[in-house]
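Student: Could we walk through this chain together? I'd like to start with one strand and then zoom out.

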Amino acid sequence: MLVYSLTTIHPSGVGENEPENIYYADNITQAQLDVIEEFNKEYEGKYRVVPINLPFEKFSTNERKELLARSFRSKSDRIDVFAVDYIWVYRFAKWAEPLGKYFSTIQRKDIIDYAMESCYVEGDLMAMPQKIDIGVMYYRKDILKEYPGYELLESKLQNSITWKEFLEVKEDFGNEENPFYIFPADNYEGLVCSYIESILNLNRDFFAADSLNFESEEAEKALRLLVEMVNEYNASPGKVTSFKEFTSHDYYIKNNGVFLRSWPTFIHDYNLYFKKENKKIEFGMAPLPKFEGTEPAAVFGGWNMMISKYSKNKTGAALFIEFMLREKVQKEIFEKNGSLPVIKSIYYNAEYA
C-alpha cells in the first residue's frame, strides 16, 4: 500500500498581508518557484500562490495521477490549480472547472494548436497548456568519440539513424561495460510512448482508422522491436523492464550508458539530480531511430493546467494560469528548466532559433 503526503513549499518574498491563497499542485522546480515568487510580488496583498510539490523522483506519473484523483474524490478544496499530463484531461474533467469564461478565443490562438487540442472535452475548454514535450534520444558524445568513424555516426544520428544501423553500431561498439540503449519499460505510460512511437514510425495513419488493430503487422513489428532490444540483440539490459523515467535516467548516468530515450527536460534533471563536479559528461540530442524507408516519429506530449471545481478561489486560480502563459514567464521557465514553451510567438524569436 502506498502512503502519500502533499508537500507544501513556501516561496520567499511573500508579504505579511492576508491575501487569498491559491494552492498549486505540480512537480515544482526552482524555475517555477521563481515565477511563483514573481506572481506573489505582483499580486501582493491580493493573491498568493502556495506550491504543493509532487516531485518526479518520489512519484511516478501514475502515482501522481492517483494521488490527485484521491484528493478530488474526497471533494477536497485543498488544491486550486493542478498540473496534468495531456492524456489525463478527460479523466480529470469531472473534477475540473470549465475555463471557457476565463480565456478568450484570442488568448487561445496565441497557443500552439496541438497543445490546445488536448484541452477540450466534448467541446468544453477544461484545461490550458503549460508546456509541451517530444520524445528524443540522448547520446554520450564523450563515449562515442572513441568509436571509429564518429563523425559519420553523428551525422546519421542527427538525421535519425535506422534501427538496423543503430544495432550495427552496438555490435561494432563491443563495449559491454556501457549499457547501450536505455529506455523506461516498466508497466506504465513511458513504455507505451516507445511502443506508439515505433507504430507511428511504420504507419502515420494508425490512429486515424475507425478502430485500433494491435494485431496488425506494424503493431506486432513495433512490439517485437522493444522485446528484441532486450532478449535478442542485448542492446538494452533486462533491468529496463523495471524502469520509469527517473530510474532510467539514474541507471543511464551511474552506469555510463551510451543512448537514452527521454524528453527535452532530461538535461535539467541531470544538472539537478545527477551531475557530479568531477564527472565531465558531454551529451548530444537526436531524433529517435527509425525503421528503414520510413520517417522518424516521436510522441508529442506535455502538461496542462486545470482548476478544481471544488476550489474556493477560481478567479485567482485562472489569473495564475494566465500569468503562467505570459511570454516572459514561458521564456523564463524554458531557459531554466528546458521545458518547451506553448506560446507560438516564442518559436518565431531568432534568439531561440
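Student: How many of the seven residues of strand S7 are buried?
Tutor: Keep in mind that this is a predicted model. S7 covers residues 128–134, and a residue counts as buried under 20% relative accessible area. By that cut-off the strand is mostly covered, and the number of buried residues is six.

Student: Which strand pairs with S7 in the antiparallel sense over six bridges?
Tutor: Look at residues 300–307, which form the partner strand. Within that partner, Gly302 sits opposite Ile132. The strand joined to S7 by those six antiparallel bridges is S12.

Student: Zooming out, why is the chain called as compact as a globular protein of that length?
Tutor: Start with its make-up: 14 helices and 12 strands. For 353 residues the globule rule gives 20 Å, and the chain comes out close to that, so it is as compact as a globular protein of that length; its radius of gyration is 22 Å.

Student: What share of the contacts between residues at least 6 apart in sequence join residues at least 24 apart?
Tutor: Contact here means heavy atoms within 4.5 Å. Take the pairs at least 6 apart in sequence, then pick out those at least 24 apart: the share is 75%.

Student: And how much of the exposed area do carbon and sulfur atoms supply?
Tutor: On the inside, buried residues make up 56% of the 353 in the chain. On the outside, the chain exposes about 17,400 Å², and the carbon and sulfur share of that is 49%.

Key: Residues are numbered from 1 along each chain as its sequence is written. This is a predicted model: local features need pLDDT of at least 70, side-chain atom pairs count only at pLDDT 80 or more; totals for chains, interfaces and linings use all residues. Side-chain values use heavy atoms; hydrogens and water are left out. Helices (H or I, at least four residues) and strands (E, at least two) are DSSP runs, numbered from the N terminus. The radius of gyration is taken over C-alpha atoms; the globule rule is 2.2 Å times the number of residues to the power 0.38. Buried means under 20% relative accessible area, exposed over 50%, partly exposed in between (1.4 Å probe, protein chains only). Accessible areas come from the Shrake-Rupley method with a 1.4 Å probe; for residues, only the protein chains shown count as cover. Two strands pair if DSSP finds at least two bridges between them.
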